[in-house]
Each structure stands twice: as structure tokens, then as C-alpha cells.
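Here's a quick tour of the fold, starting from one strand and working outwards. Keep the viewer open while you read.

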Amino acid sequence: MRKIGLLTSGGDSPGMNAAIRAVVRTALYYDMEVYGIRHGYQGMIEGDIFQMKTTDVANIIQRGGTILKTARSDAFKTDEGRKAAYDQLQKHGIEALVLIGGDGTFRGAVEFFKQYTIPAVGLPGTIDKDLSGSDFTIGFDTAVNTAVEAIDKIRDTAEAHDRLFVIEVMGRDAGYIALNSGIACGAEDILIPEIMTDIEDVLCRIDSDERRSKSVHILVVAEGDEFGGAAEVAKRIIERFPKIDTRYAVLGHIQRGGSPTYADRVLASRLGYAAVLALRENKTQVMTGIVNGDITYTPFQQVIKTNAGISTDMIEMIRVLSV
Ligand code: ADP
């Protein structure tokens, strides 16, 4: 195959540009043409497609965001939308696709390829690290490092004022960012969607920390926690302990931006390179990933949301290390 289409879809993640660069450069090296599709599946429907040169990806390996832009597309969830997308691929003579995105992007791919036959390879691009088929996803390492830097700063001011801080990090369905930033920042507790939180337990631990007069208390909460995030948790703490100076902070979209860490750049480069080689070797309808250091290929149907790797042992460890 000579002409490949390339898109980023769903939530952006730092390192998508490094992945784009790797795909484009590898494809050009093997005499393929690359067509960038802007704004994910929506751009495919609208035919927002342009031929990419090697200079288009110069000086982007270190940049957050995605030069191809990304979007969520309701139209792609309809038969008409997917038909329009396929027609555009035909019109531009695109013979294969490389898709960079998260869980939704792969669900969309499964629907699309039920109806239309075109070789495709995916790359896991999400800060959430919640996809099966890869130990890490592009953007996760950067997002955790951003959260760690921010929480460290909040800890400084919390300590100065003897405050308790509830800090909300991203993760609507996944607690990996909360778990890992919580461990790295020495949080007293973390609340994540995967593990049922008993708020009474949380309050009880705060009470005993108070009696031991800990000067600073940090709780890291994933946005998808059952209590509705940091504001709600802080409210419960204030109701129970009106004398503790309790504040909350929501880190928000800073976790999606910024220059990718070396780990995300290397991951994105390896996966982008592997994706084009996979197409050349006719390994298609798979997502490239890295498991135990090796490149793997997981069929799109099996790329599902997962919370493997989150165990109650880790939560217990956080509590032991913060005594
Ligand atoms: P992410 O890839 O980051 O998880 P989304 O969940 O927003 O992001 O998914 C990206 C896009 O994939 C959606 O906007 C939609 O166009 C497409 N998509 C998701 N699920 C489906 C589906 N079941 N059928 C068709 N398209 C889908």
C-alpha cells in the first residue's frame, strides 16, 4: 500500500505529536505517502485531508497537543457519518489508516471496520493509561509528572498554613493518575473510581492523623470518584471537622498539556515506527503497544478499557507510608 491516512482522535495527550512525527517519517522512509486528517473522525467525514511532508513534522517532538488537531464526532457514530468518512478516503485514494486515540477511538474503529474494509493500525494515545494491550499509553507519564509538580507546590502552601488539601486529578473512569501521583507526592489517601470509597473510613483516618498532629494532609481524588470529586469530599471533611482548615484544588486541563516527558517521546516514537512496519507486514486492525518492553499487537476488538494494575495493595501501601 502506498497512501496512508493519519489522524488523532478523542482527548488529546502529550506525545501525540511525537507519534505523528514517527509515523510520517517512517512512512516516507518506506516510500509511502501520508495524508494527515485534521480533527479526527470528524475531519475524515468532512474531507479535511492534506498530504504531509517531512518538514510538516519538524520541531514537533517536544510539543504538547496535536498538530493534526483532535475532536469528538457524534456524526461518526451514525451509519451516514461513517459512509461519508469512507467516501472521503476513497476520494483521496487512501489505502490504509493509522489512528491515534483512546478507548472511544478504538470503539469507533471497530464499528467502522465492521462496514468497510481498509487496513488500519492504532496507537494508544490517552493520559488515562486505561487500555488493555499496552503497559503504558502515550501521555500518561507526562500527565502524572504534571500532577506531581502541581501537588508538590500545593503541599508547600498547605504546610505553611497547616491546611488539609483535597486535590482532584483527571480520570473519569480510571484512577491511574491519582494512584501514581498520590504515591509520588506522599499523599495520606487517594480516592479512585475503581475502589469503593468508604467516606467514614477516610474521615476516621483524618481524625487519627489529627490526633497525631500531622501538619499537612493531602488527599488525591480522581475526578470520577463516586463522591463527585474534590469539592464534595472537602465538603464532607469540613462538616465533620470544622476546625481543620480544609481547601480543595482541581488541577484540570494542565494535565493534558505541556511538553511530553522523555518516556512519552520514546514510547510514541517506538509505537509510531512499529505501526508503519505493522502495515508493511500486513498486520492490520491491531493496536501497537508495549508489554514488558516488547512491541505487541492487540486486535481492535480486544482494546478495551481496563483497570488492571490497580490493586488494594497499593492503597494499603499509601496508608502505611503516610503514618
Ligand atoms: P477517546 O478516544 O479519547 O476515548 P472519545 O471517547 O471521545 O475519545 O472517542 C473519540 C471518538 O470516537 C468519538 O467522538 C466518536 O466519534 C468515536 N466513537 C466512540 N465510540 C464510538 C462508537 N461506539 N461508534 C462509532 N464511533 C465511536
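Strand 1, which spans residues 3-8, is mostly covered in this predicted model: 5 of its 6 residues are buried. Follow the chain onwards from strand 1 and you pass through helix 1 (residues 16-29) before arriving at strand 2, a β-α-β crossover that is right-handed.

What does strand 1 pair with? Strand 2 (residues 33-37) is one partner, in the parallel sense over 5 bridges. Strand 4 (residues 96-101) is another, again parallel and again over 5 bridges. To find these pairings on screen, pick Ile4, whose bridge partner in strand 2 is Val34, and Leu6, whose bridge partner in strand 4 is Val98.

Here are the two pairings of strand 1 in short form:

| Partner of strand 1 | Sense | Bridges | Example pair |
|---|---|---|---|
| Strand 2 (residues 33-37) | parallel | 5 bridges | Ile4 with Val34 |
| Strand 4 (residues 96-101) | parallel | 5 bridges | Leu6 with Val98 |

Now zoom out to the whole chain. DSSP-style counting gives 10 helices and 11 strands. The radius of gyration is 22 Å, close to the 20 Å that the globule rule gives for 323 residues, so the chain is as compact as a globular protein of that length. Along the principal axes, the C-alpha atoms fill a box of roughly 70 × 35 × 30 Å.

How much of the chain is buried? Buried residues account for 46% of the 323. As for contacts, take those between residues at least 6 apart in sequence: 77% of them join residues at least 24 apart.

Technical notes:
Residues are numbered from 1 along each chain as its sequence is written. This is a predicted model: local features need pLDDT of at least 70, side-chain atom pairs count only at pLDDT 80 or more; totals for chains, interfaces and linings use all residues. A residue is buried if 20 or more other C-beta atoms lie within 10 Å of its own, exposed if 12 or fewer, and partly exposed in between; C-beta atoms are placed from the backbone. Helices (H or I, at least four residues) and strands (E, at least two) are DSSP runs, numbered from the N terminus. Two strands pair if DSSP finds at least two bridges between them. A crossover is right-handed if, with the strands pointing away from the viewer, the path from the first strand over the helix to the second runs clockwise. The radius of gyration is taken over C-alpha atoms; the globule rule is 2.2 Å times the number of residues to the power 0.38. Two residues are in contact if their C-beta atoms, placed from the backbone, lie within 7 Å.
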